[in-house]
Amino acid sequence: MRTTVRIDKLLSSHGFGTRKDVRKMLHSGVVKVDNATVTLPDILVDPQSQVIEVDGEKIEVRNHVYIMMNKCQDVVCSTKDGLHKTVFDLLDDKYQKRLPGGELHMIGRLDIDTEGLLLLTTDGKLTHKLISPKNHIPKTYYVELQYSVTDTEQEKYTVLFKEGLPVSKENNEEAFVAQSASLVWNDNKSCNLTIHEGKYHQVKRMFKAVGNEVTFLKRISIGSLKLDPELSEGAYRELSEQEIALLSD
Ligand code: URA
């Protein structure tokens, strides 16, 4: 399959700065496509079949797509759902067709009523790295609770979560002991919880285990990658080169 992309977009997504930086670079005559100097930003190139050089160095073109979405409520993390919109329905047509890097899929899932950082990619290796329980990738959630928690109780929650909390069975999911998790309180009804695993309804079940109830849940980071506060609910964008590096390190 031939897929073309604007040269300024390609270079910008491969670590050569903003579109403006790339335009300057093109203007200075250091970019070649199949040995011919290219100076215009809107030239279309096919990275699969053409050789692109910057300052005499061939660039390694990445095929994969990496998307950060600020998932909104009432949208499900699944490919099909008879009742609700899926996160894939929120994506532009260009992501609905087969992509050169492979199938676009979610890295983990969020519940229908959970908001925040959801990653989608064609890069199966990255997915494996981020979801493998062996890697203990931290995920931080902003949590609002139904019942107010006093200072003393807050300390209790924090210690229990740190020590590893027994969590009850839910639906068909087995009971488990949650791995050590860290809790930072914002006030007596909200906190940030960092966990290193991703069991079914994990955060909600952990708070249930201490006698509380989650009323609002939003994932705000995965590893070193933070949700972009500029993304409105349901909006998404491709990751920058730096952000991809943060996840791959
Ligand atoms: N924990 C939950 O309970 N729900 C989510 O969506 C994510 C983590």
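These exercises look at two pockets in a predicted model.

**Exercise 1.** Describe the largest pocket by its volume, its lining residues and the elements that supply them.

Solution.
- Step 1. The space in the largest pocket comes to about 790 Å³.
- Step 2. Its lining has 34 residues, and those nearest the centre are Val5, Lys9, Ser13, Val65 and Glu238.
- Step 3. Two or more lining residues come from each of α1 (7-12), β19 (236-238) and α6 (241-248).

**Exercise 2.** Sort the lining of the largest pocket by residue class, then by domain.

Solution.
- Step 1. By class, the lining holds 13 nonpolar, 12 polar and nine charged residues.
- Step 2. By domain, at least three lining residues come from domain 1 (5-58), and at least three from domain 2 (66-132 + 227-248).

**Exercise 3.** Describe the second largest pocket in the same way.

Solution.
- Step 1. This pocket contains about 680 Å³ of space.
- Step 2. It is lined by 28 residues, with Gly108, Arg109, Gly198, Lys199 and Arg219 closest to the centre.
- Step 3. The elements giving two or more residues to this lining are β10 (105-107), α3 (124-131), β12 (139-145), α5 (202-209) and β17 (214-222).
- Step 4. The lining splits into 13 nonpolar, eight polar and seven charged residues.

**Exercise 4.** Between which domains does the second largest pocket lie, and why?

Solution.
- Step 1. Lining residues of the second largest pocket come from domain 2 (66-132 + 227-248) and also from domain 3 (138-222).
- Step 2. Because both domains give residues to the lining, the second largest pocket lies between domain 2 and domain 3.

Methods
Residues are numbered from 1 along each chain as its sequence is written. This is a predicted model: local features need pLDDT of at least 70, side-chain atom pairs count only at pLDDT 80 or more; totals for chains, interfaces and linings use all residues. Side-chain values use heavy atoms; hydrogens and water are left out. On a 1 Å grid over the protein atoms alone, a cavity is a set of points where a 1.4 Å probe fits but cannot get out, and a pocket is an open set with protein on both sides within 12 Å along at least five of seven lines; lining residues have an atom within 4 Å of a point. Grid points are joined across faces, edges and corners, and a volume is the space filled by probe spheres set on the points. Helices (H or I, at least four residues) and strands (E, at least two) are DSSP runs, numbered from the N terminus. Ala, Val, Leu, Ile, Met, Phe, Trp, Tyr, Cys and Pro count as nonpolar, Asp, Glu, Lys and Arg as charged, and the others, Gly among them, as polar. Domain bounds come from an automatic or database domain assignment.
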